[in-house]
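The following exercises ask you to read a protein structure step by step. Try each task on your own before you turn to its solution.

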Amino acid sequence: AARWARGDALQLLVDGPTYPTERYGEVPLLHAGASLDRERGATALFLVNRDTSEPLQVEADLRALGATRIVEHRVLAGGDPLAQNTEADPERVHPVEGQSARLEAGRLGVTLPPVSWTVLRLEGPPAP
């Protein structure tokens, strides 16, 4: 994430499903963050689906950011949320190229797998 989060942190308005917890009450299934590098016209979105069994459809209006194309879509997910890399298997957990994202007329749609972290890098024209 540090490689892609450049520029200004964006304040996001997120509306989505929640799940109940004893300790924290209702917790959102979707956690989202974003940054905007105005000089390069680059936006990075970071999305987490906390649902342990269902994919989550995310839609975002990015027209104000001027995003015109998706340049990278990476997903870290898998069947075992406790999986980890080890010395014997250093590549067990790694991001793969995502396939579900689409950007049309400034509106983004993407499906997040269960228990996943997704990064989307988008570009548009740089700020004048």
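**Exercise 1.** Is Phe46 buried or exposed?

*Solution.* Before starting, note that this is a predicted model, in which local features need pLDDT of at least 70 and side-chain atom pairs count only at pLDDT 80 or more, while totals for chains, interfaces and linings use all residues. Residues are numbered from 1 along each chain as its sequence is written, and side-chain values use heavy atoms, with hydrogens and water left out.

The scale calls a residue buried under 20% relative accessible area, exposed over 50% and partly exposed in between, with a 1.4 Å probe and protein chains only. Phe46 has a relative accessible area of 12%, so Phe46 is buried. Trp117, at 23% relative accessibility, counts as partly exposed.

**Exercise 2.** Describe the aromatic pair that the structure holds.

*Solution.* Rings of Phe, Tyr and Trp (for Trp, the six-membered ring) pair if their centres lie within 6.5 Å, and planes under 30 degrees apart count as stacked, over 60 as edge-to-face and the rest as tilted. The structure holds one such pair. The ring centres of Phe46 and Trp117 are 6.3 Å apart and their planes stand at 25 degrees, so the pair is stacked. As a last step, locate the partners: Phe46 lies in strand E5 and Trp117 in strand E11, 71 residues apart, so that the pair links distant parts of the chain. Strands (E, at least two residues) are DSSP runs, numbered from the N terminus.

**Exercise 3.** Work out which strands stand at the edges of the open sheet of six strands.

*Solution.* Two strands pair if DSSP finds at least two bridges between them. The order in this sheet is E1-E4-E5-E11-E7-E8, with antiparallel pairing. Strand E1 (8–9) and strand E8 (96–97) each have a single partner strand, so they stand at the edges, and one side of each is left without a neighbour in the sheet. E1 and E4 pair over two bridges in the antiparallel sense, and Ala9 stands opposite Ser35 in E4.

**Exercise 4.** Do the same for the open sheet of three strands.

*Solution.* Here the order is E6-E10-E9, again with antiparallel pairing. E6 and strand E9 (102–104) are the edge strands, each with a single partner, so one side of each lacks a neighbour in the sheet. Between E6 and E10 there are six bridges in the antiparallel sense, and Glu59 stands opposite Gly109 in E10.

Notes. Helix = DSSP H or I, 4+ residues; strand = E, 2+ residues; numbered from the N terminus.
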